[in-house]
Amino acid sequence: MTDFKLHDKASAPEDSKPLLEGSEKSFGMIPNLHAVMAEAPGLLKAYQDIHELFVNSSFDKNELTVVWQTINVYHDCHYCVPAHTAIAKQMGADDAITENIRADKSLDDSKLQALREFTLTMLDKRGQASESDLNAFFDAGFSNRQALEVVLGIAQKTMSNYTNAITGTPVDEPFQKFI
């Protein structure tokens, strides 16, 4: 595999340095994902911006976790599955969500399961959800806005999952216990 550098604030391209400083402020460290993304400042900036937008979407902590982990598991992301397990715990999301998604089991909450199924449909069909797919999502209590916010979550996780796949990003020490 090609050797990708884990940048720090000294080695990063100039446009990535303030972005890495922001990561360090937010997380108390520079996550390896951000360190590798720093090679392409536009990617790191877009990822950070989309992350912030998705976190501030209309989804609650459990719904965010469903979307993130559904995508991470779908893409078999060696980095994001444990990272978002830690993030879900930090946010106080229900542990059973991550456990069930990782084990490919249905979620106990029917609304969350509908969100998971819609996210999988969007991934499987590359966005070509049918009217019946959308109606099932809406019948579970979700809105037009939230259908579009699933697209936002997919955009965010596609950036990180694909980056980790081609770079082999090492899992940060705080996330390793969730591998």
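Phe142 is buried, at 4% relative accessibility (buried means under 20% relative accessible area, exposed over 50%, partly exposed in between, with a 1.4 Å probe and protein chains only). The model is predicted: local features need pLDDT of at least 70, side-chain atom pairs count only at pLDDT 80 or more, and totals for chains, interfaces and linings use all residues. Residues are numbered from 1 along each chain as its sequence is written, and side-chain values use heavy atoms, without hydrogens and water.

Lys111 lies over the face of Phe142, 4.8 Å from the ring centre (NZ of Lys or CZ of Arg within 6 Å of the centre and within 35 degrees of the ring normal).

Now the ring pairs. Phe137 and Phe138 are tilted, 6.0 Å centre to centre with 55° between the planes (centres within 6.5 Å; planes under 30 degrees apart are stacked, over 60 edge-to-face, the rest tilted; Trp counts by its six-membered ring). Phe137 and Phe142 are stacked, because their planes stand at 5°, with centres 4.6 Å apart. Phe137 is buried at 1%; Phe138 is partly exposed at 27%. One aromatic cluster joins these three with Phe54, Phe59, Trp68 and Phe118.

Phe137 also belongs to the largest nonpolar core, of 21 residues (buried Ala, Val, Leu, Ile, Met, Phe, Trp, Tyr and Cys joined through side-chain atoms within 4.5 Å). Phe59, Val67, Leu115, Phe137 and Val150 touch the most other members. Helices H4 (61-74), H6 (95-102), H7 (110-124) and H9 (144-167) each give two or more residues (DSSP runs of H or I, at least four residues, numbered from the N terminus).
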